[in-house]
Each structure stands twice: as structure tokens, then as C-alpha cells.
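Here are a few friendly notes to read alongside the model. Please keep the structure open as you go through the points.

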Amino acid sequence: MEGGAYGAGKAGGAFDPYTLVRQPHTILRVVSWLFSIVVFGSIVNEGYLNSASEGEEFCIYNRNPSACSYGVAVGVLAFLTCLLYLALDVYFPQISSVKDRKKAVLSDIGVSAWETRS
């Protein structure tokens, strides 16, 4: 078990990429990052079709442009939050303040709860 609050016993340690890559939450962030690319890319590339009779593009999801916009927004937000928290995971061992570590952990929990609620 790690000593200290929010892993503060390891604060100020050297960056170890091998340890970072082996952590389960880092692996899940990378997988989530890849899935966000798939969601965003598939909707942007194949979510809109051009109708020969109408001459205007439409969303393939019930011809509702809000559905495609929502999917693109979710993909982009997931992509950005995954990158943000991956960067925070890299920087986390250098944070020596327990209060700052607590803020980082609680923001991660809050964003994860908000994303699963959506």
C-alpha cells in the first residue's frame, strides 16, 4: 500500500514511463482515447450523406442533424479529456502538495462521473 494521502509518499519522484504504462487507469485512458477517435472519425466521415434528389447533405441518424452534432461533440470532448488526464498522469508524481493532488484526483472522479452520466 502506498504511504501518504493521494500517493504523496511518492511525490517528487523521477518520471518512470514503464510504471506509467503499466497502471490500469493509464491503459484505460489510452483505450478510451482510441475509442473517441473512432466515434468522432466515423461520424464525421460516414455520418452525413448527400441526397441526389435534395442536393443537401443530411445526417444518417433519422435525418436529425442534432444527433450527428451530439456524437461529434461527445467524441471531441472525450478525446480532449483523455489527453488532459493522460498529461496529468505524467505530471502527477511531481505534484508535492496534498491539496493539489486531492484536486486532481477529485476532478478526475468528477469528470468520469459526468461522462458516465451522459
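1. Let us start with a term: a disulfide is a pair of cysteine sulfur atoms within 2.5 Å. A disulfide is a covalent bond between the sulfur atoms of two cysteines. Searching the whole structure turns up 1 disulfide.

2. A word on the source: this is a predicted model, where local features need pLDDT of at least 70, side-chain atom pairs count only at pLDDT 80 or more, and totals for chains, interfaces and linings use all residues. Residues are numbered from 1 along each chain as its sequence is written, and side-chain values use heavy atoms, with hydrogens and water left out.

3. Which cysteines form the disulfide? The partners are cysteine 59 and cysteine 68, with sulfur atoms 1.9 Å apart. The torsion about their S-S bond is about 80°, so this disulfide is right-handed.

4. Are these cysteines buried (under 20% relative accessible area, with exposed over 50% and partly exposed in between, using a 1.4 Å probe and protein chains only)? Cysteine 59 is buried at a relative accessible area of 2%, and cysteine 68 is buried at 0%. Cysteine 82, with 10% relative accessibility, also counts as buried.

5. Now the whole protein: it has 4 helices and 2 strands, arranged from the N terminus as α-α-β-β-α-α. Helices (H or I, at least four residues) and strands (E, at least two) are DSSP runs, numbered from the N terminus.

6. Of the 118 residues in the protein, 19% are buried.
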